[in-house]
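Trainee: I'm new to this structure. Could you walk me through some of the labels used for it?
Mentor: Gladly, let's take them one at a time.

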Amino acid sequence: MPLARSMSITSLSGMEEWDEEFDLEDAVLFEIAWEVANKVGGIYTVIQTKARLTVEEWGENYFLVGPYVESNVRTQVELIEPTNPALKRTIDKMNSSGCKVYFGRWLIEGSPYVVLIDVAFTAWSLDKWKTELWNNFSIGVPWFDREANDAVLFGFLTAWLLGEFAAQCEEPPHILAHFHEWLAGLGLALCRQRLLPVATIFTTHATLLGRYLCAGSVDFYNNLANFNVDKEAGDRQIYHRYCLERTAARCAHVFTTVSQITAVEAEHLLKRKPDIITPNGLNVKKFSAMHEFQNLHAQSKNRIQEFVRGHFYGHLDFNLDKCLFLFIAGRYEFSNKGADIFLEALARLNYLLRVNHSDVTVVAFFIMPARTNNFNVETLKGQAVRKQLWDTAHTVKERFGKKLYESLLIGQLPDVSKMLDKEDFTMMKRAIFATQRQCQPPICTHNMLEDSTDPILTCIRRIGLFNSSADRVKVIFHPEFLSSTSPLLPMDYEEFVRGCHLGVFPSYYEPWGYTPAECTVMGIPSISTNLSGFGCFMEEHIADPSAYGIYILDRRYRGVDESCNQLTSYLFQFCQQSRRARIIQRNRTERLSDLLDWRYLGRYYISARHMALAKAFPDTFFYQPHDSETAQGFRYPRPASVPPSPALSRHSSPHHSEAEDEDDRYDEDEEAEKDRLNIRQPLALPTKKVALFLFRHCISYCNPNTSTASLG
């Protein structure tokens with residue numbers, strides 16, 4: 001089915017109201033992914049955050065299927081007996097046939113049921129299943145590709161599970177199976193090849209070949225139509241993986257992807273246009289008072305400032321109250337994630353801040369896990385020195401306070417010259433001498449295993465950002481995931497993001513982009529690109545994204561140098577904002593979080609399930625696509641207090657006063673109320689019910705001239 005405009009990401013307000021209730025006791029949903037209770041990447045976040053809404057929709061008839069990983073099961077899953085009789089018989093039959101299948105509850109929001117399959121236990125069947133894969137699909141998997149071998153085992157086992165479940169059901173079941181990514185895709189192809197009574201959906205969150213091509217520094221988006229996909233996949237030794245992904249996409253009843261930019265990519269590389277775009281959402285928790293998230297920002301910022309005080313001890317010659325914290329986070333893909341262009345822009349920003357004699361200092365964090373062997377000794381020493389200074393200051397303060405208290409008790413004003421004795425001065429001098437440092441503050445917080453060839457460190461050496469006193473831009477590379485138990489920066493990721501001022505994600509390849517979405521939900525402005533799903537989504541829904549703290553960098557129609565100049569301009573403009581302007585902008589950014597709530601975006605998954613059930617079971621389910629002319633998208637208007645174009649309308653003088661920035665037209669409550677009118681109320685789903693155009697014996701409801709087959 002062609003991708004209708006009404007099903008695109010631009011039609012959020014055009015989606016119909018899912019307010020009808022239908023009985024789905026005889027329909028069962030299996031959602032299958034390698035990242036069920038197994039964190040590998042972003043798909044884990046998609047499934048984890050969406051689970052609560054799906055449980056509300058399907059109730060006891062919703063099951064997640066993933067691999068059994070013992071270390072994860074111990075901490076995330078409560079193993080129980082299957083609640084569904086047919087599923088219990090299925091699992092018992094598979095276990096008696098040489099498999100190991102477990103059932104339990106995933107301990108996340110919604111507590112969904114999970115079926116976990118131990119793929120290693122059935123490795124003895126790998127050669128037999130590879131032979132069957134070759135005979136039926138002409139796909140050969142090399143012995144040395146362990147990930148592809150796991151995909152073969154997982155695919156055959158999930159197809160076995162679905163087929164056995166269908167056989168164990170007393171009445172003909174209506175099974176819906178939703179497969180995520182190529183690692184689970186083989187199970188879908190086997191369901192279709194074996195003619196199982198299963199409606200299938202395949203979602204690709206990023207194409208395999210697209211990720212490899214972009215990592216190879218090719219002009220990807222301008223040459224999509226020109227790639228010889230078979231040759232390109234073969235040259236990169238992923239042809240078998242590519243075939244598994246393409247087979248799943250072509251065999252599925254419904255094919256979906258996460259963004260419009262990825263839909264274009266999938267159409268050219270997988271040779272099928274997605275039926276529906278299913279954007280990724282988050283579980284948004286709104287605060288009862290607007291100032292609460294601002295308070296959380298201030299608290300987290302203070303903790304980052306403490307780390308910075310230790311990291312730059314001996315060179316803390318900048319005002320932390322005028323210091324802005326920027327960050328980039330994600331997989332360590334230097335070019336795909338835009339770390340290259342971010343570093344180049346930071347070097348140009350450093351020059352602009354210096355020549356304009358700005359008193360603003362920028363500290364840019366790179367949170368990208370890489371190969372290390374331990375913490376950097378100099379970095380740990382910095383935090384120890386900071387703590388020692390803090391302890392010294394508290395000791396002197398207590399002694400000073402005691403003397404002040406005793407002086408006031410006898411009714412005398414204290415003699416300030418006698419409040420600190422020689423011992424106090426000696427203690428403070430020793431603490432000051434301990435802060436002396438002969439070297440520059442370190443760039444990297446850890447000892448890198450490949451220091452000489454590391455892309456970030458190599459680029460920093462080239463552009464010369466060494467955290468010197470003259471630099472207005474400082475760089476800290478933290479090659480490890482953040483953790484609240486770290487002895488260096490004891491903060492979890494969410495707390496760290498809340499404490500920063502701006503997230504910078506100038507990605508060249510980003511099918512969706514959870515990092516800027518998480519920033520938006522927490523009220524932190526961000527920079528993304530028109531090559532990311534998130535950037536395209538926001539660009540289509542907001543008339544002036546930058547006014548809401550969403551800066552969209554053009555990397556599709558501009559060269560690298562032009563994009564770098566645009567990014568530098570965004571960063572410099574952000575540095576020129578007053579504190580009040582940043583607070584107003586954070587308020588606006590946080591209000592956009594409704595756009596990213598699963599309560600809104602979950603309706604696209606509902607629509608995909610509509611379509612799949614109608615195609616697989618046309619005599620029972622009916623789905624009527626929207627008329628694209630009747631469902632128009634919507635756009636958040638420019639905030640009332642923002643002047644008309646040019647967008648920022650800055651003063652002609654570069655040194656305008658703080659008073660000039662005080663915009664008396666801004667009214668937070670009035671703006672928030674207007675924005676609330678631009679988005680519909682969240683989707684409300686009754687438990688165990690799903691809003692489907694469902695009917696029994698659909699002939700009585702259809703146009704007599706329309707066949708039931710054509711309705712699918």
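Trainee: What makes Arg371 exposed?
Mentor: Its relative accessible area is 54%, and exposed means over 50%, buried under 20% and partly exposed in between (1.4 Å probe, protein chains only). Arg371 is therefore exposed. Bear in mind that this is a predicted model, where local features need pLDDT of at least 70, side-chain atom pairs count only at pLDDT 80 or more, and totals for chains, interfaces and linings use all residues. Residues are numbered from 1 along each chain as its sequence is written, and side-chain values use heavy atoms, with hydrogens and water left out.

Trainee: Why is Glu450 called partly exposed?
Mentor: Its relative accessible area is 41%, so Glu450 falls in the class between buried and exposed.

Trainee: How do you know that Glu450 forms a salt bridge with Arg371?
Mentor: The closest N and O atoms are 3.0 Å apart. A salt bridge is a side-chain nitrogen of Lys or Arg within 4 Å of a carboxyl oxygen of Asp or Glu, so this pair qualifies. The two residues are 79 residues apart in the chain.

Trainee: What makes Lys387 and Asp391 a salt bridge?
Mentor: Their closest N and O atoms are 3.3 Å apart, so they too meet the cut-off. Being four residues apart in helix α13, they are separated by about one helical turn.

Trainee: Which residues are linked with Arg399 in a network of salt bridges?
Mentor: Lys403, Asp421, Glu423 and Asp424. Within this network, the side chains of Asp421 and Arg399 meet at 3.6 Å, N to O.
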